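Biologist: I should be grateful for a close look at one part of this model, namely its charged side chains and the surroundings in which they are placed. Please set the account within the wider picture of the structure.

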Amino acid sequence: MFPNPNVAYAVTVAGVAIGCLELLRPGTIVPGVTGAVLAMLGVASLAAHPITARGVALIALGVLLATLDAKYRLRGAGTAAGTILLVLGARWLVADGDAKIRWTVAAGVSIPFLAGAWWLMDKAFRARANKLDF
């Protein structure tokens with residue numbers, strides 16, 4: 001396990017991002033399994049620290065805003081607000097004073113993750129909208 005919450009958060013987000021690669025090529029087992037294992041290791045490592053409900057709520061709200069932005073094409077306003085909420089949620093996720101997630105780790109991991117997730121969701125919603133029914 002990872003005693004440092006910075007590493008645990010980065011591994012969790014990396015696991016979710018690698019797991020999303022399974023959506024691009026369904027049936028390739030390696031990205032899905034690798035992402036699931038990394039995400040579970042990261043969450044188990046984060047569970048060793050006191051987790052705040054405020055951090056979890058901000059992360060969930062940030063992802064929800066990015067999803068709504070991709071679905072309803074809000075011109076990036078939802079993703080920008082979601083990115084800010086995701087970084088703040090990551091920063092406030094761990095309640096320990098000395099073991100908090102640093103700003104550089106929160107921003108350096110959350111911003112690229114949400115940008116990639118928004119791009120993937122945008123492509124999926126566009127493909128769904130252009131689906132032909134026979």
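Modeller: The account below begins with the salt bridge and then turns to the rings, the core and the surface. Please bear in mind that this is a predicted model.

Across the whole structure, the search returns 1 salt bridge. The partners are D122 and R126, whose closest N and O atoms are 3.3 Å apart; this pair qualifies because the cut-off for such a contact is 4 Å. Both residues belong to helix α5 (residues 103-129), and because they are 4 residues apart there, about one helical turn separates them. Their surroundings may be described in turn. D122 has a relative accessible area of 6% and is therefore buried, the limit for that class being under 20%. R126, at 41%, is partly exposed. The bridge in α5 thus joins a buried acidic residue to a partly exposed basic one.

Two further basic side chains are placed over aromatic rings. The charged end of R54 sits over the ring of W92, at 4.6 Å from its centre. K71 lies over the face of Y72, and here the distance to the ring centre is 5.8 Å. As for rings paired with one another, the search of the whole structure finds 0 aromatic pairs.

W92 also offers a point of reference for G19. These two residues are 73 residues apart along the chain, and their C-alpha atoms are separated by 25 Å. G19 is found in helix α1 and counts as partly exposed, because its relative accessibility is 25%.

The helix that carries the salt bridge also takes part in the interior. The largest nonpolar core comprises 19 residues, and Y9 and I101 have the most contacts inside it. Helices α1 (5-24), α3 (53-72), α4 (77-91) and α5 each supply at least two residues of this core. Of the contributors, α5 gives the most, with 7 residues.

Finally, the surface has a nonpolar feature to set beside these charged contacts. M1, I29, V33, V37, M40 and L41 form a nonpolar patch there, and together they present about 620 Å² of accessible area. One of its members, L41, lies in helix α2 (residues 29-46). The relative accessible area of L41 is 35%, so this residue is partly exposed; it can belong to the patch because membership requires over 30%.

How values were computed
Residues are numbered from 1 along each chain as its sequence is written. This is a predicted model: local features need pLDDT of at least 70, side-chain atom pairs count only at pLDDT 80 or more; totals for chains, interfaces and linings use all residues. Side-chain values use heavy atoms; hydrogens and water are left out. Patches are made of residues with over 30% relative accessible area and no salt bridge: like charges are joined within 9 Å, nonpolar side chains (Val, Leu, Ile, Met, Phe, Trp, Tyr) within 5 Å. Accessible areas come from the Shrake-Rupley method with a 1.4 Å probe; for residues, only the protein chains shown count as cover. A salt bridge is a side-chain nitrogen of Lys or Arg within 4 Å of a carboxyl oxygen of Asp or Glu. Buried means under 20% relative accessible area, exposed over 50%, partly exposed in between (1.4 Å probe, protein chains only). Rings of Phe, Tyr and Trp (its six-membered ring) pair if their centres lie within 6.5 Å; planes under 30 degrees apart count as stacked, over 60 as edge-to-face and the rest as tilted. A charge sits over a ring if NZ of Lys or CZ of Arg is within 6 Å of the ring centre and within 35 degrees of the ring normal. A nonpolar core is a set of buried Ala, Val, Leu, Ile, Met, Phe, Trp, Tyr and Cys residues joined through side-chain atoms within 4.5 Å.
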